[in-house]
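Good morning, and thank you for making time for this presentation. Please have the sequence and the structure open in front of you as I speak.

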Amino acid sequence: MNPKLPYVLLVGAAVIIFILSCVLLSRGRRSPSCESQPHVVEKTGSTSQSLVFADLTPEEMVRVVRYLQGNLGVQLVDASRAKPSDNCIASVDVQVPAKAEVLRFLDGGGARPPREALAVLYFGSQPDPNVTEYVVGPLPTPAYHRDVTVQKYGGKVPYHRRPMLGSEYKQVGAFLETKAFAAAPTFLKEVLEYDGTNVAFQSTAPHGFQSGDRKSWFIVFQNVSGFFVHPVGLEVLVDHSSLDMSQWAVSRVFYNGQYYRDMAQLESAYAQGRISVEKVRKAPRDGDFSSMKPRAPSSALFPLQYQPQGPRYSVRNNQVLFQAWSFAFGMSVSRGLRLFDIRHKGERVAYEISIQEALSVYGSNCPGGMSTRYMDGSFGIGRYTSPLVRGVDCPYSATYVDTHSLSEMLNPSKKKASLCIFEQNLGSPLRRHYSNLQSLYYGGLVNSALVVRSIATVGNQDYVWDFIFYQNGAIEGKVQATGYPSSSFLHGDGLRYGNRVWEHTLGTIRTHSINYKVDLDVGGMKNSLVAHDMAFEMTRAPWNPEQQIERPRLTKKVLDTEDQAAFRLQSKMPRYIYFAANSKNKWGHQRGYRIQITSFAGDHVPESSSMERAISWARYQLAVTRRKEEEPTSTSIYNQNDPWTPTVAFANFINNETITNEDLVAWITAGFLHIPHSEDIPNTVTVGNSVGFLLRPYNYYDLDPSIYSQDGVFFTSEQDLTACDTNPIACLPKTASCLPHFPPFTYDGFQNM
């Protein structure tokens, strides 16, 4: 045996023991999991009261459908397969009780209002086809239904006003492919290389020029990823007004700047060489320039945020508690995210804050683009709320909430993780001061806020909807726009209507207008509207009368009527405008909440337009009206398809009624002008495309309530800045040294499509 072998073995054993010891020691020093840290205890209170606003559960939706199937005396077809001549259930949503009933329950110890649903039904198989709305209740065991259509709208809703079902889009698509296109086989094959699968359609709205019309331009694109920016130059106007689909017909055809009677005339003109053909290069399935696939490999990971001691908010049922805030949330099928009973420090500051509508008005020299005015509530902002991608759409560690809806089918659908809630360190101080005069100190507060978010994808457009709650009592409503830009086929004088963004693609100009309902209850339900602003006044210096001083002074005005409180879109509005309570703060000022709007809206459609009254809410950047139960929303889902005879015209809400010491609602419009440019390819970014409003305390408190935040930092030059009891930031190496637990990545956005 080699005499050196025992020594080699001993040395090897010593090395192994050393390595194992280091591993064990390092494990002993490993930071604990953040889940093992003590959670911050929140006040909980009762969450059962918030259920008065809760969305319908899947079980409740199913029971409503079964009740309607068994009690209306007509056959109801599944809307996903319905023909225009069928009866079907278009949607079922919660019917929020009247405010007076809710407040009696929440504040007065009254009985809980009966829980009810609102069902929208299409009756196409009747002598007088119409749309009918029923309130169904009480839930969970329905025993009655009542027709509320006439009560809500002053009459029946004509059938032509109904929003298009997904089944109708499919039926028109089938008509185009099997009947309309059959009349132009040579043109389609040689110009578009059409094979029955390589084109996609996008419909325009409204559908015509007068009440009763149901004629839609269908724009033809290459069927590739991001097809919205791949127009081929062909657009077809389809008359699908008849309930008998065999009567549908092509009314007009457009190709590369020229109009034709129908597809047969287009085919004939092509065969005779009388068409200016602009052949578009065939794009690969991934869309090439429109692909969202990153052009660079992954590298260093982007920054993440985590909660070292667990969430500082709680979500129970439909109620959220965060520091001094509490509120209930829900998701309307048509209007999307909405909040109720918003309280700060236990006192209600708003009864309802909700999205009302998202309007887009397009320009183009192509027929589809120039006639498009999308009212996204008609398609369903809540219906098209999309599942969220953890770590991109919201922070990875956010709380994700599933939502349920019943729209265009007989069974409820589940959108997993379609709403997120998270606390976010905004990376800047909410307030701070560094003093180097007289005394030396620093005082500040990290700007950490709670965010409630949903994202709706309606066609090419993605809307990121946020409601944000700050520690100083402010609330922000914000929307960020992204998604694909709208486009038309570039021809002729197209550059008058946008920018060229690819070889044959014109990014078309459009305006975006977003409308919100804000039902503030400041210090109680009865409020007045007050405007503060400034003006310069000239005065002589009292100590030197020969000299003049220009000094700003405060101007004050109470806005007594709805007409005075309706501020046109581009008009000058008082810079401080607030809901004033009947109570005063310690300093003798009326307690108030100020409305501050962030917007760079384009111009509104001229009021001489035959369809303007349907979108008349967009005339105003702010309009304050008396709250009325019969005026629950600023628009209607039926306005999209008949804007010429609007079912709800917001302009009628403003009739010069007094608004002093009344229950008031603020209708806020924020918007922006989008002129697509090359940087919108492949996709529009959110940067610079964010608008909304702030609700800020104005003499509501005696001092800034955030001074009571436990996140505050203060130290002087004479203190030990490294001591935890003096400076909690100095303790971060200890209090935040934990390993965050990130759950496995999952995504259900492609299920059940």
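I shall go through some strand pairings and then turn to aromatic rings and the charges that sit over them.

Please keep in mind that this is a predicted model.

Let me begin with strands 17, 18 and 19. Strand 17 covers residues 399-407 and strand 18 covers residues 413-437; the two are antiparallel and are paired over six bridges. To place that pairing in the sequence, take Thr 399, whose bridge partner in strand 18 is Ile 421. Between strand 17 and strand 18 lie five residues, and together the two strands make a hairpin. In that turn, Glu 408 has a positive phi of about 60 degrees.

On the other side of the sequence from that turn, we come to the next hairpin. Strand 18 is also joined to strand 19, residues 439-458, by 14 bridges, again in the antiparallel sense. Here Asn 436 has Leu 440 of strand 19 as its bridge partner. How many residues lie between strand 18 and strand 19 in their hairpin? There is one residue between them, and Gln 438 in the turn has a positive phi of about 60 degrees.

I now move to a separate topic, an open sheet. This sheet has three strands in the order 22-24-23, and their pairing is antiparallel. Strand 22 (487-489) and strand 23 (498-502) are the edge strands, each pairing on one side only. From one strand to the next, the twist averages 40 degrees. Three bridges connect strand 22 with strand 24, which spans residues 505-508. Within this pairing, Ser 487 is placed opposite Gly 507 of strand 24.

Next, the aromatic residues. The structure contains 37 aromatic pairs. One of them is formed by Tyr 747 and Phe 750, in an edge-to-face arrangement with 5.4 Å between centres and 75 degrees between the planes. Are these two residues buried or exposed? Tyr 747 is partly exposed, at 28% relative accessible area, whereas Phe 750 is exposed, at 68%. Elsewhere, ring pairs connect Tyr 463, Trp 465, Phe 467, Tyr 516 and Phe 693 into a cluster.

Finally, two arginine residues deserve a mention. Arg 390 has its charged end over the ring of Tyr 396, at 5.3 Å from the ring centre. The charged end of Arg 594 lies over the ring of Tyr 576, and there the distance to the centre is 3.6 Å.

Thank you; I would be glad to take your questions.

Notes. Residues numbered from 1 in each chain as written. Predicted model: local features only at pLDDT ≥ 70, side-chain atom pairs only at ≥ 80, totals over all residues. Heavy atoms only, no water. Pairing = 2+ DSSP bridges. Helix = DSSP H or I, 4+ residues; strand = E, 2+ residues; numbered from the N terminus. Axes fitted to C-alpha atoms, helices over the stretch in contact; angles between N-to-C directions. Phe/Tyr/Trp six-rings, centres within 6.5 Å; stacked < 30°, edge-to-face > 60°. Buried < 20%, exposed > 50% of the residue type's maximum accessible area, 1.4 Å probe, protein only. Lys NZ or Arg CZ within 6 Å of the ring centre and 35° of its normal.
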